[in-house]
Amino acid sequence: MNQRNLLEVDWSKIPAPEDDGGAAHLTGKTLPPIGLLATDDTSVTLSTLRGRTVVFAYPRTGEPGKISLVDDWDMIPGARGCTPQTCAFRDLFAELKAAGAAQVFGLSTQSNAYQTEMASRLHLPFPVLSDEKLALTRALNLPTMEVADLTLIKRLALIVDDGRITHVFYPVFPPDRNAGDVLDWLKANPAKS
């Protein structure tokens, strides 16, 4: 299937993911000291960051005009919507920062080169982290799906305070509302100083 427009999606025609309990163990976990390559050419170790960090994870962003990973990508619950989710975080970035997010990151198992192209094309004001080697995914036992022989993170968002996960959004649907839901949560739950 050719991906003409990655942003205009009729969510009523896309199957919603169900809560399979895959993220139930994450709240309260301390992040492991794993460095991940970021699209700004730095290595980020989330466990060492002070303050409140927002990390939103997604399976795989597409490229306009390119063939999708598999023909039935849109029919895999939770697969479609990575670009709308990412753009929503981009559009609400200043508000997320104003609501207490010291840092915002995207996260996927795609390569840094792939993500760097996407971050540039979408004009992202935050870095996207690559867990291509699945180090963080496996250490935290993040919920994943297998598609076309690839291990992809199921869509979720984490609120991390001083290296410890304090809140998890999972499952996330529709993806383009995730950033607004995170923003609402941040406003209702100010970080302790």
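Helices here are DSSP runs of H or I with at least four residues, and strands are E runs of at least two, both numbered from the N terminus. The model is predicted.

## The sheet

Strands of a sheet pair through backbone hydrogen bonds, either parallel or antiparallel. Here seven strands make up an open sheet, and their pairing is mixed. The order across the sheet is β2-β1-β5-β4-β3-β8-β9. β2 (43-45) and β9 (164-169) are the edge strands, each pairing on one side only. On average, neighbouring strands are turned by 35 degrees against each other, direction ignored.

β3 and β4 (residues 103-108) run parallel and share five bridges. Valine 54 faces valine 104 of β4 across this pairing. Helix α3 (residues 112-121) packs on the sheet. Its contacts are with β1 (35-38), β4 and β5 (128-130). The direction of α3 makes about 165 degrees with that of β5.

β1 has two antiparallel partners. Three bridges connect β1 to β2, and two connect β1 to β5. On the β2 side, glycine 35 has threonine 45 as its bridge partner. On the β5 side, alanine 38 is bridged to leucine 129. β1 and β2 form a hairpin with four residues between them. Which residues of β1 lie on the covered face, and which on the uncovered one? Leu36 and Ala38 are on the covered face, whereas Gly35 and Leu37 are on the uncovered one.

## The aromatic cluster

A pair of aromatic rings is described by the distance of the centres and the angle of the planes. Two rings of Phe, Tyr or Trp count as a pair if their centres lie within 6.5 Å. That rule gives five aromatic pairs. One of them is phenylalanine 56 with tyrosine 58: the centres are 6.0 Å apart, the planes make 35 degrees, and the pair is tilted. Phenylalanine 56 and tyrosine 58 are both buried.

Phenylalanine 56 also pairs with phenylalanine 89. Why is this pair stacked? The ring centres are 4.1 Å apart and the planes are at 0 degrees, so the pair is stacked; the cut-off for stacking is under 30 degrees. The pair links distant parts of the chain. Phenylalanine 56 sits in strand β3 (residues 52-57) and phenylalanine 89 in helix α1 (residues 82-91), 33 residues apart. Both phenylalanine 56 and phenylalanine 89 are buried.

Through ring pairs, Phe56, Tyr58, Phe89, Phe93 and Phe126 are linked into a cluster.

Another ring has a charge over it. Arginine 60 lies over the face of tyrosine 114, 5.2 Å from the ring centre.

## Helix α1 against helix α5

Two packed helices are described by the angle between their axes and the distance between the axes. The axes of α1 and α5 come within 7 Å and cross at roughly 40 degrees. α1 is therefore oblique to α5. From α1, the contact uses Gln85, Ala88 and Phe89; from α5, Asn178, Ala179 and Val182. Phe89 thus appears in this contact and in the aromatic cluster.

## Backbone exceptions

Most residues other than glycine have a negative phi, and most peptide bonds are trans. The table lists three residues with a positive phi.

| Residue | Phi | Place |
|---|---|---|
| Aspartate 41 | about 65 degrees | turn of the β1 and β2 hairpin |
| Histidine 123 | near 55 degrees | loop between α3 and β5 |
| Alanine 148 | near 50 degrees | loop between β6 (144-147) and β7 (150-153) |

How accessible is histidine 123? Its relative accessible area is 64%, so histidine 123 is exposed. Alanine 148 has 44% relative accessibility and therefore counts as partly exposed. The range for partly exposed runs between 20% and 50%.

Two cis peptide bonds remain to be placed. The bond from tyrosine 170 to proline 171 is cis, with omega near -10 degrees. The bond joining phenylalanine 173 and proline 174 is also cis, with omega about -10 degrees. Where does proline 171 sit? Proline 171 is in the loop between β9 and α5 (178-188). Proline 174 is likewise in the loop between β9 and α5.

How values were computed. Residues are numbered from 1 along each chain as its sequence is written. This is a predicted model: local features need pLDDT of at least 70, side-chain atom pairs count only at pLDDT 80 or more; totals for chains, interfaces and linings use all residues. Side-chain values use heavy atoms; hydrogens and water are left out. Rings of Phe, Tyr and Trp (its six-membered ring) pair if their centres lie within 6.5 Å; planes under 30 degrees apart count as stacked, over 60 as edge-to-face and the rest as tilted. Buried means under 20% relative accessible area, exposed over 50%, partly exposed in between (1.4 Å probe, protein chains only). A charge sits over a ring if NZ of Lys or CZ of Arg is within 6 Å of the ring centre and within 35 degrees of the ring normal. Two strands pair if DSSP finds at least two bridges between them. Axes are lines fitted to C-alpha atoms, for helices over the stretch in contact, and angles run from 0 to 180 degrees between N-to-C directions. Contact means heavy atoms within 4.5 Å. Angles under 35 degrees count as roughly parallel, over 145 as roughly antiparallel, 65 to 115 as roughly perpendicular and the rest as oblique.
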